[in-house]
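Work through the exercises below with the sequence and the coordinates side by side. Each task is followed by a solution that goes step by step.

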Amino acid sequence: LRVLDKFLDNDGKRGKSFLVFGSTASPETPNLNQFMEEWGIGVEDGMAFETNSNYRYQDAVLMWGQDNDLIGDESTSELLCFSANNVALKQAYEENNSRTSHILMTTSPYAVLAPKGTKPGYTPPSSAKESEMPLVMVTEDTTYDDDYDEVTSYVGYFASADLVSETWYDYGSVGNMEYAVTVVNAISGRDSSKMYFLPKITGTTSMTVSDSQQMTVRIVCMIVLPLVVLIGGILIWILRRVR
C-alpha cells in the first residue's frame, strides 16, 4: 500500500492511475479495502443483488450510467451494460481535501446488500434496504505542479471483473468493453481522437444444403475430380513417352 501511495503521488506530479476489478469469489482484502475507502470508495462485505427481475439477465445486473463531470457525455452509451457477481460498493465521501469521488455506474433503485454468491431466486429479509448501489467508481486526486497546472491521479473500482469478460463479446447490444475503454481513456488523459482497440467480433454464417445438392457434391468430390486427375496424369505420362 505504501508503494501504491508513492506510485500515485509520483513525487507530487500525479498523472498515475490504479484500477481494481472486484470479484465476489476473491479472498478477503481488508487492507486494500481500507486503502480504497481513503479514496472515497467503500467496499462492503457482500454483493449488490438486484431484486427486480426486469433489470437482470440471468446472474448479470443491468448497469445504469450516472451523470458526472469526469467522463462527460461518453458515460451514457446507447448500448446496454451488464455485470454479474458485483461486490457491493458505497461512496465513503464525495469530496475530501484534494480528492473527489465519482459514481459512474449503479444498480437500479431496487438492489440490496446480499451475501456473496447469492443467486437469482433469493428473497431478501424484510430489513434489507433497497437502494441504488455503485458498480463503477473513480476518485480523482488533484494538485498543482510548479507551473500551476492541474495534475491528477485516479483510483477506480469496478464491482466485478465480469464487466470485461469475453462472455459479453457475442452480444452485439452490450457495450461493456466500449464503456470500460471510455473510463480508461478518461483517467489516462486520452480523448476521443486517440486510437484504441476493441476485440473484433466475428459472425457465424450458416448454409442449408438439400439432399440432392449433397449428392452432387459427393459425386463431384469423390468420383469426378479423382477421375479427372487420374486421366490427366495418364495423358501426361503418354505424351512424355511419345516424346
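**Exercise 1. A hairpin and its neighbours**

How many residues lie between β11 and β12 in their hairpin, and which residue in the turn has a positive phi?

Solution. The model is a predicted one, and the strands are read from it as follows. Five residues lie between β11 and β12 in the hairpin, and Tyr-148 in the turn has a positive phi of about 65 degrees. The two strands of this hairpin are antiparallel and pair over nine bridges, with Met-137 standing opposite Tyr-157 in β12. The next step is to turn to β9, with which β11 also pairs in the antiparallel sense, here over seven bridges. Within that pairing, Val-136 of β11 is the bridge partner of Met-105, and Pro-134 of β11 is the bridge partner of Thr-106. As for burial, β11 covers residues 134-144 and is mostly covered itself, since eight of its eleven residues are buried.

**Exercise 2. The surroundings of β9**

Determine which strands besides β11 pair with β9, and state how far β9 is enclosed.

Solution. Begin with β5 (residues 64-65), which runs antiparallel to β9 and is joined to it by two bridges; Trp-64 has Thr-106 in β9 as its bridge partner. Continue with β8, which also pairs with β9 in the antiparallel sense over two bridges, and in which Asn-96 has Arg-99 of β9 as its bridge partner. The hairpin of β8 and β9 has two residues between the strands, and Asn-97 takes a positive phi near 55 degrees there. Finally, count the buried positions: six of the eight residues of β9 are buried, so the strand is largely enclosed by the rest of the structure. Two side observations complete the picture at this end of the strand. Arg-99 lies over the face of Trp-39, at 3.9 Å from the ring centre, while Asn-96, which is in strand β8 (residues 95-96), is partly exposed with a relative accessible area of 34%. The C-alpha atoms of Asn-96 and Gly-40 are 8.1 Å apart, although 56 residues separate the two in sequence.

**Exercise 3. A serine in a loop**

Is Ser-108 buried or exposed, and with which side chain does its own side chain make a polar contact of 2.7 Å?

Solution. First locate the residue: Ser-108 is in the loop between β9 (99-106) and β10 (111-114). Its relative accessibility is 0%, and because this is under the cut-off of 20%, Ser-108 counts as buried. The polar contact of 2.7 Å is made with the side chain of Glu-50. When neighbours within four places in sequence are left aside, the contacts of Ser-108 are Glu-50, Tyr-55, Trp-64, Ser-131 and Glu-132.

**Exercise 4. Aromatic rings**

Classify the ring pair of Phe-82 and Trp-168, and then follow the rings outward from it.

Solution. There are eleven aromatic pairs in total. In the pair of Phe-82 and Trp-168, the ring centres are 5.7 Å apart and the planes stand at 15 degrees, so the pair is stacked. It links distant parts of the chain, given that Phe-82 is in strand β6 (residues 82-84) and Trp-168 in the loop between β12 (150-158) and α3 (176-187), 86 residues apart. Both Phe-82 and Trp-168 are buried. Trp-168 also pairs with Tyr-171, in a tilted arrangement with 5.6 Å centre to centre and 55 degrees between the planes. The accessibilities of these two differ in class: Trp-168, at 8%, counts as buried, whereas Tyr-171, at 33%, counts as partly exposed. Ring pairs link Tyr-57, Phe-82, Trp-168 and Tyr-171 into a cluster.

**Exercise 5. The sheet that contains β6**

In what order do the three strands of the open sheet with β6 lie, and which are the edge strands?

Solution. The order is β3-β4-β6, with antiparallel pairing. The edge strands are β3 (56-57) and β6, each of which pairs on one side only. Between strand β4 (residues 60-62) and β6 there are three bridges, and the bridge partner of Ala-60 in β6 is Ala-84.

Technical notes. Residues are numbered from 1 along each chain as its sequence is written. This is a predicted model: local features need pLDDT of at least 70, side-chain atom pairs count only at pLDDT 80 or more; totals for chains, interfaces and linings use all residues. Side-chain values use heavy atoms; hydrogens and water are left out. Helices (H or I, at least four residues) and strands (E, at least two) are DSSP runs, numbered from the N terminus. Buried means under 20% relative accessible area, exposed over 50%, partly exposed in between (1.4 Å probe, protein chains only). A polar contact is a pair of N or O atoms within 3.5 Å; within protein, one must be able to donate a hydrogen and the other to accept it, and residues adjacent in sequence count only if both atoms are side-chain atoms. Contact means heavy atoms within 4.5 Å. Rings of Phe, Tyr and Trp (its six-membered ring) pair if their centres lie within 6.5 Å; planes under 30 degrees apart count as stacked, over 60 as edge-to-face and the rest as tilted. A charge sits over a ring if NZ of Lys or CZ of Arg is within 6 Å of the ring centre and within 35 degrees of the ring normal. Two strands pair if DSSP finds at least two bridges between them.
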